[in-house]
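Me: Could you walk me through this structure, one step at a time?

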Amino acid sequence: MFTRALYIISIGLLIASFGKDRAKTRAALVKGLRAFSNILPDFATVLAIVGLVLTFLSPDIVAGLIGQKTGILGMLVTSIAGAITLIPGFVAFPLAKSLLDRGAGVAQIAVFISTLMMVGFVTVPLEIRYFGRRVTFLRNTLAYLFSFIAAFIIGMVVL
Amino acid sequence: MRYSASTTAGATGATGSLRAFARVYRYFLLIILLDTVILILRPLTGKEVFRHTYSNFIEMLSICPPIFLLLGLLDVWVPRETIIRYLGEDSGVLGAGLSILLGAAAAGPLYGAFPIAAVMMKKGAKFSNILIFIGAWSTLKVPMFLFEASALGARFAVTRWIVSLTGIVFMTLIIDRIVTKEEKAAIYHRHGEGCQT
């Protein structure tokens, strides 16, 4: 249902855009297509990895590592994974969904998503070049701590 | 000979584009190769692997067309330069709101936001607005939100969006207070223009 709404909205906007400016609409299509083909290699790789790994990862194992009952320890595991890995959300969400389906806890997954997006361990040198050490350190540390708060709240609301 | 992904692929003919394809998709192809080895050695497990991979692809690729369509339209119809003007020193709450909108309308990884933030600083956007923009870009992006909602459920995505928005505002206030005027000036100095704190 959600997907269908998305299709309807985007196609409606596409038609409106086309009516207003054909050249711009063409540019938008090219940009969208290029963004897609840029992400597709990473996307395909992770989907393939997920397909492979999940075949061997039984629900019992997932639940044991990062299930609801693992509490803060499980969240520590997923937060570190989220902070150091650099995978785009497009790719992370299917992975997160598969883990949830296999018994991972909501708070554990939430902290993974949150740290993944807000904390960039790998890109710290790049960030320092733009914002200096102190701002970079502050932003990443605060975002890391905040991810736990967010996860606790999400864990309470979802379920 | 070097092939830089898709740009040179067309000009170098069939073997060139094939090689470019293999290069860009090398990790993916490696995994499929591994899957194939498993399929040969352990047919039952191998079939299961391909079944999982296939359903992963179908599920996620079905949501892709409208998202990338929206992304392209946003990019073309929302001009950056004009908005930058509204993010300056006296922009107040409106500037903060606009920074959130700007970041949320974006697409791409967080490090894609840094160059844009640099341009905004150069053109005189307020430091707190830059922090809000970075925060919004990192975690409030609308295309991502749509994807998240479809994969993990609307309840999960909406809760995370609202909590993150609150968190970004608080974190911005904290950083903006801790970082001194001189430090801000030094950061702005890196990007060319005069101090805007």
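The chat below turns to the two chains and how they meet.

Reply: This is a predicted model, in which local features need pLDDT of at least 70, side-chain atom pairs count only at pLDDT 80 or more, and totals for chains, interfaces and linings use all residues. Residues are numbered from 1 along each chain as its sequence is written, chains are lettered from A and ligands numbered from 1 in the order in which they are written, and side-chain values use heavy atoms, with hydrogens and water left out.

Me: OK, how many residues of each chain are in contact between chain A and chain B?
Reply: Counting contact as heavy atoms within 4.5 Å, 71 residues of chain A are in contact with 71 residues of chain B.

Me: And how much area do they bury between them?
Reply: Chain A and chain B bury about 6500 Å², with 81% of it on carbon and sulfur atoms, where buried area is the accessible area (1.4 Å probe) that two parts lose on being put together, summed over both. On the side of chain A, the residues that lose the most area to chain B are A:Phe90, A:Tyr130 and A:Phe131, which together make up 12% of what that side buries.

Me: Which side chains meet in a salt bridge there?
Reply: Those of B:Glu183 and A:Arg134, at 2.5 Å from N to O; a salt bridge is a side-chain nitrogen of Lys or Arg within 4 Å of a carboxyl oxygen of Asp or Glu. The count between chain A and chain B is 1 salt bridge.

Me: Switching topic, what does A:Ser98 touch?
Reply: Leaving aside residues up to four places away in sequence, A:Ser98 touches A:Val50, A:Leu54 and B:Asn56.
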